[in-house]
Structures are given as C-alpha cells and as structure tokens.
Amino acid sequence: KIIPTDHNIYSGLPLGTEMLYGLGLALGGEAVAKLLPWTLSLVILCLITKWVKRIAGLDAGIFAAVLFYSAPMVGVQTWHSLVEMFWCFFGLLSILTLLGIDEQNPLTPTRAALAGVFAGLALGTKYNAGGIFVMALAILVRQMATNPRNTWGHYLRCVAILSGAAFATFSPWIVKNLILYG
C-alpha cells in the first residue's frame, strides 16, 4: 500500500517515472524497465534530428542529435533507470509542441493543452522540471509579441489552458503529498 515514509527524503517527490518503471517491472522484469530510458533516448534523438532538419537541413539535424548523445550525462542516463531521460522527453515534447507554431500551424487551444500535459508530465518526474513550464510560457509570450494575427485574448486563453493542463496532469502528486505529509 502507499504509506508515508518520513525517513526517505525522496518520498515527497513526484513519482511519475518510478510508476512507469514499476509498470516495466510488472510487464517483463528488470530488462524491460531498463529498456525504457534507452528507448526514450532513441526517440529524443529522432525528435532532435527532425526538428533541426526542419530549420537547418539533415546534416545539421544529425549533428545536433550526435552532439546531444555525446554529452556524458546523456550516455549515463540512457543505461540507468533514473528520471532524467523521461524529464528530457516530456520537456522536449512540450517545447516542440509550441515551437511548431507558425503560419501553417497556428496556436490552438488544443496545442496549448497538449503542451501543458507534456509540461505536467515533466513536472511529474521531478520538481526541477518547473523550468519546462516556464519556458513554455515564455514561448507563448514571445508568440504574443511577434504574431499580430491573433489577439491577446486568444493568447491569454491559451496560457490559461496550458497552465490548467499542466496543473491537472501534475496534481496527483500534490494530492499524494497533501494526504501523506500534510
């Protein structure tokens, strides 16, 4: 059962990633759990390659992916069952959801909600992921300032939707801590 563990300083942290590792353990044991961050690292590499390719070409996309994966911290996180690869994945999805806004793909409430869900999932991995939420809001503010096609009311509604979706996604961890630790 879920009980408070005051002696464990990590028990008050959000446990979204740990729940996914638990699912991997239940479905196939330790090997499946260890495949999760490795698989996410490949997906992150594909996302980086695709995004940079869109901006600067395929060679730049491949270079960006190699640069990302060559960071020692990324290599370590790929082969260990830790939270950072999930944090990176959800954060990247949140930011890319908003960076994909342009004339052909305008900001919609649905896109804002999706970015908020991804930001909330990132927060569900670690409190430090709050920076992802702040970056998402900064991207929306930048869009407000540079895109005269939409009204301020539209952007403020999207900010509220993004914030609400992030809070709703992250709120189970707040409720858990309120129940267990007051």
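User: In which helix is Ser41 found?
Analyst: This is a predicted model, in which local features need pLDDT of at least 70, side-chain atom pairs count only at pLDDT 80 or more, and totals for chains, interfaces and linings use all residues. Residues are numbered from 1 along each chain as its sequence is written, and side-chain values use heavy atoms, with hydrogens and water left out. Helices here are DSSP runs of H or I with at least four residues, numbered from the N terminus. The run that spans residues 30-56 holds Ser41, and that run is helix H2.

User: Is Ser41 buried or exposed?
Analyst: Buried means under 20% relative accessible area, exposed over 50%, and partly exposed in between, with a 1.4 Å probe and protein chains only. Because its relative accessibility is 0%, Ser41 counts as buried.

User: How do the planes of Tyr127 and Phe170 make the pair count, as stacked or edge-to-face?
Analyst: Rings of Phe, Tyr and Trp (its six-membered ring) pair if their centres lie within 6.5 Å, and planes under 30 degrees apart count as stacked, over 60 as edge-to-face and the rest as tilted. The ring centres of Tyr127 and Phe170 are 6.1 Å apart and their planes stand at 80 degrees, so the pair is edge-to-face.

User: Which of the words buried and partly exposed fits Tyr127?
Analyst: Phe170 has 10% relative accessibility and therefore counts as buried. Tyr127 has 36% relative accessibility, so Tyr127 counts as partly exposed.

Conventions
Helix = DSSP H or I, 4+ residues; strand = E, 2+ residues; numbered from the N terminus.
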